[in-house]
Every structure is written in structure tokens, then in C-alpha cells.
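Here's a protein to look over together. Have the sequence and the 3D view open, and turn the view around as you read.

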Amino acid sequence: MTDSNDATVTTATQAAAQAVELTQVKTLLLRLEEQSAAQTALAKKRLFWSRFTALFLAVAVALMAGRVIPAVENTLSRADVTLDHIAIIAQQLEAADIPGVLDNLNQTLNEGRESLNEASESIQEISAIDFAALNAAILDLQKLVKNPLGSIFSRG
């Protein structure tokens with residue numbers, strides 16, 4: 001009987017150990033289930049905020065595009081106009097006889113230089129005039145014109 005009692009005790013001990021293990025497993029499974037539920041709830045919150053952020057960014061990008069695209073179109077149209085003006089100026093420059101214009105400009109400058117030289121020479125000649133002698137001669141001429149007969153007899 002001892003063997004049978006020992007076997008019964010061993011079986012009972014094993015059953016008790018299995019019951020404890022089963023309880024521990026159930027406790028672990030409950031904890032895992034709770035953690036899984038908490039992680040699922042957290043994942044749902046993250047998903048919600050991710051979607052909210054994506055929607056916010058999409059709206060922000062749409063608003064920015066609504067403001068930027070017209071400005072870019074306006075800038076591009078002004079750039080097209082500017083390029084057209086540049087093309088017109090380039091055509092005019094190609095059509096212009098720049099060497100001829102420069103030759104005419106050089107000729108005009110040379111003529112101006114010659115005129116200035118002539119004017120300078122004239123000024124030098126004028127400054128060389130003895131105005132005192134000229135004034136005396138004018139006075140003498142004036143006296144002679146006023147009294148032509150008297151001056152003829154007095155001088156002669």
C-alpha cells in the first residue's frame with residue numbers, strides 16, 4: 001500500500017503541480033490578452049493620429065499649392081514677356097550697324113575736337129588783342145567822324 005499511497009501522493013502532487021501550472025498559464029494568458037488589448041488600443045490611437053496628421057498635411061499641401069501655383073504661373077508669364085523683349089532687343093542689335101554708329105560717333109567727336117581747337121585759337125587771338133590801343137583808336141576815329149573838316153585842317 002505504501003507504493004500505492006506513494007503513487008497516489010505522487011499523482012496528487014503531480015495533479016496539484018499541474019493545477020498550479022495551469023493556474024499560472026491561465027494568469028499568463030490573461031496578462032497576454034490584456035497586453036494585447038492594450039497594444040491594440042494603442043495601435044488604433046496611433047493609426048488615428050497618423051491618419052489625422054496625413055489629412056492635415058494633405059490639406060496644408062493643397063492650400064500651399066493653391067497659393068504657390070498661381071504665383072509660379074504669374075512669374076513664368078512675366079518671364080515669357082521678358083524673354084520676348086530680350087529677343088526683340090537682340091534682333092534690333094543684330095540689325096543695328098554698330099561699327100557704322102561707332103565710326104559716326106568718332107567722326108562727330110573729331111569734328112567737335114576740331115571745333116574746340118578752332119575756338120581755342122580764336123580765344124587766344126582775341127586775348128592777344130591790345131584793347132587799350134583799340135579803345136584809343138576807336139576814340140580817335142570817333143573824334144574824326146564828329147568833326148571831319150576840323151581834324152583834316154588840324155592834322156594836316
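What follows is a short walk through the model, from its overall layout to a few side chains.

## The big picture

First things first: this is a predicted model. The protein has four helices and zero strands. Start at the N terminus and you'll meet the elements in the order α-α-α-α.

How far can you trust it? The mean pLDDT, which is the predictor's own confidence, comes to 86, and 90% of the residues reach 70 or more. Confidence is highest in α1, at a mean of 89. Helix α4, residues 148–155, is where confidence is lowest, with a mean of 58.

## Inside and outside

What share of the 156 residues is buried? Just 1% of them. As for the outside, the protein exposes about 14000 Å², and carbon and sulfur atoms supply 65% of that area.

## A nonpolar patch

Now look for I89, L93, I98, L102, L105 and L109, which make a nonpolar patch on the surface. Its area is about 550 Å². Two elements give two or more residues to this patch: α1 (2–95) and α2 (98–127). Which element gives the most? That's α2, with four residues.

Let's zoom in on L109, a patch member that lies in helix α2. Is L109 buried or exposed? Neither, really: its relative accessibility is 45%, so L109 counts as partly exposed. The reasoning is simple, because buried means under 20% and exposed means over 50%, with partly exposed in between.

## Rings that meet

The structure also holds three aromatic pairs. To describe a pair of aromatic rings, you give the distance of the centres and the angle of the planes.

Take F48 and W49: their ring centres are 5.1 Å apart. Their planes sit at 75 degrees, so this pair is edge-to-face, because an angle over 60 degrees counts that way. F48 itself is partly exposed, with a relative accessible area of 47%.

Next come W49 and F52, with ring centres 5.5 Å apart. Here the planes are at 85 degrees, so this pair is edge-to-face too. Both W49 and F52 lie in helix α1, three residues apart, which is about one turn of the helix. F52 has a relative accessibility of 45%, so F52 counts as partly exposed.

Put together, ring pairs link F48, W49 and F52 into a cluster. Try finding these three residues in the view and following the ring pairs from one to the next.

Note on methods: Residues numbered from 1 in each chain as written. Predicted model: local features only at pLDDT ≥ 70, side-chain atom pairs only at ≥ 80, totals over all residues. Heavy atoms only, no water. Buried < 20%, exposed > 50% of the residue type's maximum accessible area, 1.4 Å probe, protein only. Areas by Shrake-Rupley, 256 points an atom, 1.4 Å probe, with all protein chains shown as cover. Patch = residues over 30% accessible without salt bridge, like charges linked within 9 Å, V, L, I, M, F, W, Y side chains within 5 Å. Salt bridge = Lys/Arg side-chain N within 4 Å of Asp/Glu carboxyl O. pLDDT = per-residue confidence, 0-100. Phe/Tyr/Trp six-rings, centres within 6.5 Å; stacked < 30°, edge-to-face > 60°.
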